[in-house]
Amino acid sequence: MSTSVSAADRSGAADQPPAEHTGAPAPAGPGAPNRPARGGRRVSGADLLRRWAVVLLWIAMAAAFAVANPDLFLREGTFNIVFGANGQLVFLCMAVLAPFCVGEFDFSVAGVMGMTGVTVTVMYAQQGWSLPAAVAFALLLGALAGALNGFIVVVLGVDPIITTLGVATALQGVALWISGMSTVTGLPVSFGRVVTDRFLGMPLFFWYGLALTLAFAYVLHVTPLGRHMAFVGANREVARLAGIRVDRMRFGAFTFAGTIAGLAGVLLAANIGGFDPTSSGIQLLPALAATFLGTAILFPGRFNPLGTWIAVFFLATGIVGLQLLGLTGWISDVFFGGSLVVAVTVSTLLRRRRSRF
C-alpha cells in the first residue's frame, strides 16, 4: 500500500472508508462518535428512525410471535432463554468487533473459545491442576492465539482472512486432540455458580456480557484509544502520518480478541460443567451476523458495541420465536445465514451513504 497521501485525504481523514480489503463499513474518525450529527445540524426524524429501526422491528417481531403463540412465547422461560442463554455470544461479538474497528478481520474467535473451554476442563478434571491454574493457563492460550494472529497479519503482512481461518481450523484440531475427540466434563459446581447465579432475575453471564459491552463502548466512544482505533479503521495511512502507532493498534486488537474469546470459552465451560470440542464452530456465524447487524443500530454505518449487543438479542428472539412455532432443526442455519447476508448488505449501503456526505 502506498504511503503517499493526498491533501484531500489529509483533510477528510475522518470520512474515509476503511482499507478496501476489509470490506468493513467505515467507522468514524477521531471525535466523530460524540457529534450528534454532521455539521452540528439537528437530528431529524429520519435519522432517529434509521438509528432505531432494528429496535422497532425487534418489538414488532416479538409482538407477532406473542400473537401467534401466546401460550409459549409469553412465558418467563422464553425470556430467560433469549436473554440468559447467549452470554458467550456477546463475548464473541465483542471479540469480533475489536479487529473490525481497526479495519481487520478475525474469524478465529470461535476456535479460540473452543480451545480454551476444552483446555480449562481437561487441565482441571483430567490433569489434576488447580482450578485457578487451569483458568489462567486457558486464558493465556487465548491471548497467545490472538497475539499469533497479530504477528502473522501485522508483522508478516499475511491476509487476515486466510490467517484467522487457518488458525481457527488448527485450534479446532488441537481441541479435538486434547479432549480425545469427545465431550469433556468434570468442572466443579461451585465454579459454575460464577456464571449461573442470578442477579435481578438474570444469570451473571448476562451481566458480564453487558458490563463488557458498556466498557467497550466507553473506550471506543469516549477515550483517545477508541478514537485512535476508529482513525486507524477509517484510513490507516493517514492515521500513521498523524503519529498513531497503527501496527500496535492492530496487534492489540487481535490480542484483545483472542483474550476475550478465551474468556468466553472458560465462562461457557463453567456454565455447562465441561465442553464439547465440536460445538464452538457454530458460534462464528451468529457472532458475525450480530456484529454486522449492529452497524445498523444507534450509529448507522459504524461498528459499535451497543448496537451489536442489541443485535444479539434481536437474533435470539427470532430464533426462539420461530422454534416455538414448530420450525426446528434447520431454521437456525437459515435465519442466521439470511441475517448475515442482510446485515452485510445494510452495512454496505450505510457505508456508501456516509461516504456521500
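Let's start with Val109: leaving aside residues up to four places away in sequence, Val109 touches Leu92, Ala95, Val96, Ala257, Ala261 and Leu284. Keep in mind that you're looking at a predicted model. From Val109 we can move on to the core, a pair of helices and some aromatic rings.

**The nonpolar core**
- The largest nonpolar core is made up of 100 residues.
- Val109 shows up here again: along with Phe313 and Leu315, Val109 has the most contacts inside that core.

**Two helices that meet**
- When two helices pack, people describe them by the angle between their axes and the distance between those axes.
- Here, helix 14 covers residues 284–293 and helix 15 covers residues 305–324.
- Their axes come within 7 Å and cross at roughly 125 degrees, so the two helices count as oblique to each other.
- The crossing of helix 14 past helix 15 is right-handed.
- On the helix 14 side, the residues that meet helix 15 are Pro286, Ala289, Ala290, Thr291 and Leu293.
- Their partners in helix 15 are Thr308, Ala311, Val312, Phe314 and Leu315; Leu315 is also one of the best-connected core residues, by contacts inside the core.

**Aromatic rings**
- Searching the whole structure turns up 18 aromatic pairs.
- Take Trp129 and Phe137: their ring centres sit 5.1 Å apart with the planes at 55 degrees, so this pair is tilted.
- Trp129 has 34% relative accessibility, so it counts as partly exposed.
- Phe137, at 29% relative accessibility, also counts as partly exposed.
- One aromatic cluster brings together Trp58, Phe79, Phe83, Phe199, Phe206, Trp207, Trp309 and Phe313.

Definitions and conventions:
Residues numbered from 1 in each chain as written. Predicted model: local features only at pLDDT ≥ 70, side-chain atom pairs only at ≥ 80, totals over all residues. Heavy atoms only, no water. Phe/Tyr/Trp six-rings, centres within 6.5 Å; stacked < 30°, edge-to-face > 60°. Buried < 20%, exposed > 50% of the residue type's maximum accessible area, 1.4 Å probe, protein only. Core = buried A, V, L, I, M, F, W, Y, C linked by side-chain atoms within 4.5 Å. Contact = heavy atoms within 4.5 Å. Axes fitted to C-alpha atoms, helices over the stretch in contact; angles between N-to-C directions. Helix = DSSP H or I, 4+ residues; strand = E, 2+ residues; numbered from the N terminus. Parallel < 35°, antiparallel > 145°, perpendicular 65-115°, else oblique. Left-handed = near helix turned anticlockwise from the far one by under 90°.
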